[in-house]
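Trainee: I would like to go through this model with you, one question at a time. Please end each reply on the value or name I ask for.

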2 protein chains.
Amino acid sequence: MAFAATDRPLKRGALARRFGCNIETIRYYENIALLPAPERTRSGHRIYSPADQTRLGFILRARELGFSVEELRSLLSLADSHEYTCGEVLTLTRGHLTDIRTRIKDLARLEHTLADISAQCEGGDVPHCPVMDALLKDG
Amino acid sequence: MAFAATDRPLKRGALARRFGCNIETIRYYENIALLPAPERTRSGHRIYSPADQTRLGFILRARELGFSVEELRSLLSLADSHEYTCGEVLTLTRGHLTDIRTRIKDLARLEHTLADISAQCEGGDVPHCPVMDALLKDG
DNA sequence: GTAGTCCCTGTAGTAGATACAGGTTCAAGA
DNA sequence: TCTTGAACCTGTATCTACTACAGGGACTAC
């Protein structure tokens with residue numbers, strides 16, 4: 001995805017295509033106040049300025065990096081303040097990194113357990129299975 | 001968690017304590033038909049037989065192994081048929097294992113990207129941050 | 001004018017639980 | 001027997017981060 005702003009206003013559909021996101025996602029971000037309510041045409045169609053587009057790019061990139069919406073709110077409020085320090089951002093980033101590493105560890109443990117159990121399987125038409133045994137046996 | 005059935009009926013609270021799960025989870029599994037509707041006392045309290053308990057244990061163990069509820073439905077229907085083969089179970093397990101490995105890879109890529117970016121941070125009171133740059137820059 | 005595409009709104013659905021309110025019932029002690 | 005507090009019942013709301021849909025208005029090209 002490009003996530004690149006244009007130098008002219010765009011409507012919602014064009015914005016979604018430009019940023020490679022779902023059109024409904026944009027309205028969603030407005031609903032939860034990540035994006036400000038944009039200008040409208042007289043008939044009510046949303047018009048996204050270059051600044052709006054840049055902000056959407058920020059949001060989408062942060063989401064691609066796995067930041068949760070709440071973490072993103074913190075990032076945005078830092079960015080909006082124009083007075084953030086590297087230390088503040090780094091603290092948020094490190095917290096997020098810790099979450100990711102925890103998730104990786106949990107999944108790796110899972111993967112290991114499952115691989116171990118299924119390695120004992122013969123497969124085929126045998127009417128008995130180590131995976132089922134593992135699920136059925138009392139711990 | 002023990003996930004071990006007793007040889008006597010239990011009410012919902014005792015069952016939850018026994019299996020180390022949330023009491024509401026048991027009702028939830030009944031609602032989505034993973035657990036059958038159990039016997040009731042005359043006044044309507046649920047009574048879980050040893051067989052019900054064994055089934056809950058199966059469900060909780062499968063969830064601990066990361067099987068989704070839908071995968072679990074398949075596993076349970078195999079287990080209920082009493083005619084499953086190792087091959088059938090193995091197919092489900094391998095599909096699940098593939099999912100897990102994909103998730104691990106995605107997270108590892110994320111971790112790598114984030115670690116790379118934040119390694120460029122000086123931290124502290126510096127009013128400039130490579131993480132913010134990465135989020136702000138057009139792709 | 002009209003056809004087709006876009007956009008608008010509100011609402012519901014997804015996974016997998018968890019929490020809560022408001023009302024019974026149970027079990028133990030006085 | 002009465003009372004008190006815990007446990008149980010039901011239905012519904014909440015969470016994350018979207019996505020989808022229905023029913024209608026607007027815009028563009030021919």
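Mentor: Start with one ion pair, bearing in mind that the model is predicted. Asp80(A) and Arg55(A) form a salt bridge, and their closest N and O atoms are 3.0 Å apart. Asp80(A) belongs to helix α4 (residues 69-81) of chain A and Arg55(A) to helix α3 (residues 50-64) of chain A, so the pair ties together parts that are 25 residues apart in sequence.

Trainee: How many salt bridges does a search of the whole structure find over all chains?

Mentor: The pair Asp80(A) and Arg55(A) is a salt bridge by a cut-off of 4 Å between the side-chain nitrogen and the carboxyl oxygen. With the search run on the whole structure, the total over all chains is 14.

Trainee: What relation do chain A and chain B have, given a turn of 180° and a shift of 0.0 Å along the axis?

Mentor: Two copies of a chain are related by a rotation about an axis and a shift along it. Here the turn of 180° and the shift of 0.0 Å lay chain A on chain B with an RMSD of 0.1 Å. That is the relation of a two-fold axis.

Trainee: Which residue of chain A comes closest to the rotation axis?

Mentor: The same surface serves both copies, since 100% of the contact residues of chain A recur in chain B. As for the axis itself, the C-alpha distance to it is 2.9 Å for the closest residue of chain A, Ile104(A).

Trainee: Turning to the DNA, which element gives the most to the surface near DNA strand C?

Mentor: DNA strand C is surrounded by 22 residues, with Arg27(A), Arg46(A), Thr25(B), Ser43(B) and Arg63(B) the closest. They divide into five nonpolar, eight polar and nine charged. With five residues, the element that gives the most is α2(B).

Trainee: Which residue has a side-chain N or O atom 2.4 Å from a phosphate oxygen of DNA strand C?

Mentor: Of the atoms of DNA strand C within 4 Å of the protein, 71% are sugar or phosphate atoms. Tyr29(B) places a polar side-chain atom 2.9 Å from a phosphate oxygen, while Val69(B) uses a backbone N or O atom at 3.3 Å. The 2.4 Å distance belongs to the side chain of Arg63(B).

Trainee: Which residue has a side-chain N or O atom 2.5 Å from a base oxygen of DNA strand D?

Mentor: Sugar or phosphate accounts for 71% of the atoms of DNA strand D within 4 Å of the protein, and bases for the rest. Two of the phosphate contacts come from chain A: Asn22(A) at 3.3 Å and Tyr29(A) at 2.8 Å. The base oxygen is instead paired with the side chain of Arg27(B).

Trainee: Which element supplies the largest share of the surface near DNA strand D?

Mentor: Around DNA strand D there are 20 residues, the closest being Thr25(A), Ser43(A), Arg63(A), Arg27(B) and Arg46(B). By type they are four nonpolar, eight polar and eight charged. The largest share is five residues, from α2(A).

Trainee: How far apart are the end C-alpha atoms of residues 13-78 of chain A?

Mentor: UniProt, in an unreviewed entry, places the feature "domain: HTH merR-type" at these residues, 13-78 of chain A. Over this stretch the chain is 62% helix and 6% strand. The distance between the end C-alpha atoms is 29 Å.

Technical notes:
Residues numbered from 1 in each chain as written. Chains lettered and ligands numbered in written order. Predicted model: local features only at pLDDT ≥ 70, side-chain atom pairs only at ≥ 80, totals over all residues. Heavy atoms only, no water. Near = heavy atom within 4 Å. Polar contact = N/O pair within 3.5 Å; in protein donor to acceptor, adjacent residues only side chain to side chain. Helix = DSSP H or I, 4+ residues; strand = E, 2+ residues; numbered from the N terminus. Nonpolar A, V, L, I, M, F, W, Y, C, P; charged D, E, K, R; others polar. Least-squares fit on C-alpha atoms with pLDDT ≥ 70 in both. Contact = heavy atoms within 4.5 Å. UniProt positions renumbered as here; feature names shortened; annotations may be inferred.
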